Amino acid sequence: MKVRFCSTVLSLALIGSSVSVQATSKEDLLKEQQEVESRLQETEQSQNQTSEKLVLTKQERKEAKVRLDEVNSRLEDLASKIADQQAAVSVAKEELAIVTRAVGQTESKLRTQEKLIGDRLRSVQRDGDVKYIEVLLDAKDFGDLISRFSTVSEIIKQDDGVLQTYQANVKQLTEQRSEQELVLGQLKKEQRKLLILQTRIIAESEVKRTLVVRLNSQVEQLQQEQFTKAEEAAILEDQQRLISRQLEELRAAELRAQRAAAAREAEAAAEAERQAEQEAKAEKEQQEQNQPTSRPPTASEPVTETPSAQSETSEPGTIVKPFLLPVTGYVSSPFGPRNNPLTGKSERHTGLDLVNAKGTLIKAAAGGIVLRAGSATGYGNVVMITHLIDGKVWTTVYGHLDSVSVKAGQTVMPGDIVGKLGSTGWSTGPHLHFEIHRGEWAVGQPNAVDPAPYIL
């Protein structure tokens, strides 16, 4: 981000100050520069560690996905086998039903035949062989007798054959039914094995899926952390450039002061030389005229320069109040410890939350240069302004804005509009999150102070 350092406020504060104030400001800025460089190195180191961890986690997630795909592939193959097995069981059940129905029909016919034959046998047992004898005795001649005897024997033989045939059919069908039941039982047994295996693979798949979900969450968290650290590094780099520019302006002011002092010294030396020449010339003229003359009072009294103004200092123990209230409203969350309204966890609230209607204008608390204007993780739409007050660096932060009205590098005066109140970022409702940092903005906000005592 290129920041234009054309601030009238900073230029006047730097160029219009006395040499002692410039020296103090320069020392402060050099100290701030060293601190920002140190924080930037720590942030870059942390970012590198996060990047390495992210690479390892992504690799672990990739391997877990491969294992999950293998398990899911096995599960798909097993599901296909189970489907085939279920189809085979269905076919076996249908075949068993057909055989069972055939056995039932055959047994029904057999019972009917057995009843007829049984009735005949009971009649024979009751009446003896009278009927068969009567049939034989009614023969007209011997040939007729032989014919009748053969018929009776054939009837008896046929009845016996029918009975044996039906018994054989029943036996065969019963054996088929037993075989079919055995096949069906074996198929069901194999199906149970496949279902048990499927349950185990599903459990394994769930474990792998849970691992992938956890690694996905870790990757997202590390990516967010990496993104946040990149934002922090960008802010620190912007501050580093801002401080470097301020140091350049201080050096330029010192150089101009040195040149002005050298010019005054040269002018004084030239004036002294001219006076000496005039005195020498007058003395020479007196000697030539051989007349006693007194030395003319041409020498001027040295002029001492006094500073026209001195920087105001505060009494020991008092707090300077250099900032304006950026927006009116009631305080929903003061500076200090609290429970985070989003997570419920204990934290250190590094600012002051001022509640007002969405769209309310937000004003710059003091004059300075806009360090950052845009979105940042957590802050949502945010404006950061760097101030140089009495030779000291301050930073103010205006978070959760609905919109931003300034640009990075822009010079603002106290009371200038920087944006509108909103609820962007990690926010539960429309409010302004206002921070004051003694010095540069730093990761973790270690320099944040309670804004209340510093607001007029």
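This briefing walks through the confidence, strands, aromatic pairs, salt bridges and selected contacts of one protein model. The model is predicted. Its mean pLDDT is 75, and 73% of the residues reach 70 or more. The structure holds three aromatic pairs and four salt bridges.

**Confidence**

- Residues 1–24 have pLDDT below 50. Beyond near neighbours in sequence, this stretch still has 41 contacts in the model.
- Residues 293–316 also stay under 50 in pLDDT. Here the model has ten contacts beyond four places in sequence.
- Where pLDDT is low, the predicted coordinates should not be read in detail.

**Strand β4 and its partners**

- Strand β4 covers residues 352–355. L352 and L354 point one way from the strand, while D353 and V355 point the other way.
- In a regular strand, side chains alternate between the two faces of the sheet.
- Are these four residues of β4 buried or exposed? L352, D353, L354 and V355 are all buried.
- Strand β1, residues 330–333, runs antiparallel to β4. Three bridges join the two strands. S333 has D353 of β4 as its bridge partner.
- Strand β11 also pairs with β4. This pairing is antiparallel and has three bridges. L354 has L432 of β11 as its bridge partner.

**Aromatic pairs**

- Y398 and F434 form a tilted aromatic pair. The ring centres are 5.4 Å apart, and the planes meet at 45°. The pair counts as tilted because this angle is neither under 30 degrees nor over 60.
- Which parts of the chain does the pair tie together? Y398 lies in strand β8 (residues 392–404) and F434 in strand β11 (residues 432–438), so the pair links parts that are 36 residues apart in sequence.
- Y398 counts as buried because its relative accessibility is 0%, under the 20% cut-off.
- F434 is buried too, with a relative accessible area of 0%.
- F323, W394 and Y454 form one aromatic cluster.

**Salt bridges**

- Side chains of opposite charge can pair when their charged atoms come close.
- E271 and R274 meet in a salt bridge, with 2.2 Å from N to O. Both lie in helix α4, residues 142–289. Because they are three residues apart in that helix, about one helical turn separates them.
- E271 is partly exposed at 34% relative accessibility. R274 is partly exposed at 41%.
- The side chains of R338 and E347 also form a salt bridge, at 2.8 Å from N to O. R338 is partly exposed at 22% relative accessibility, and E347 is partly exposed at 26%.
- K358 forms a salt bridge with D402. Their closest N and O atoms are 3.7 Å apart.
- Where in the chain do K358 and D402 lie? K358 is in the loop between β4 and β5 (361–363), and D402 is in strand β8. The pair links distant parts of the chain, 44 residues apart.
- K358 counts as exposed because its relative accessibility is 58%, over the 50% cut-off. D402 is partly exposed, at 33%.
- Salt bridges that share partners join R338, E347 and D353 into one network. D353 is also the bridge partner of S333, and that residue of β4 is buried.

**A loop residue: D416**

- D416 lies in the loop between β9 (411–412) and β10 (417–421).
- At 30% relative accessibility, D416 counts as partly exposed.
- How many residues separate D416 and K363 in sequence? They are 53 residues apart in sequence, but 5.3 Å apart in space, C-alpha to C-alpha.
- Leaving out residues up to four places away in sequence, D416 touches I362, K363 and A364.

**A strand residue: T386**

- T386 sits in strand β7, residues 380–389.
- T386 is buried, with a relative accessible area of 1%.
- Which residues does T386 contact beyond its neighbours within four places in sequence? Among them are L242, Q246, G368, I369 and L371. The list also includes V393, W394, T395 and E440.
- W394 appears again here: this contact of T386 is also a member of the aromatic cluster with F323 and Y454.

Conventions:
Residues are numbered from 1 along each chain as its sequence is written. This is a predicted model: local features need pLDDT of at least 70, side-chain atom pairs count only at pLDDT 80 or more; totals for chains, interfaces and linings use all residues. Side-chain values use heavy atoms; hydrogens and water are left out. Rings of Phe, Tyr and Trp (its six-membered ring) pair if their centres lie within 6.5 Å; planes under 30 degrees apart count as stacked, over 60 as edge-to-face and the rest as tilted. Buried means under 20% relative accessible area, exposed over 50%, partly exposed in between (1.4 Å probe, protein chains only). Two strands pair if DSSP finds at least two bridges between them. pLDDT is the predictor's confidence in each residue, from 0 to 100. Contact means heavy atoms within 4.5 Å.
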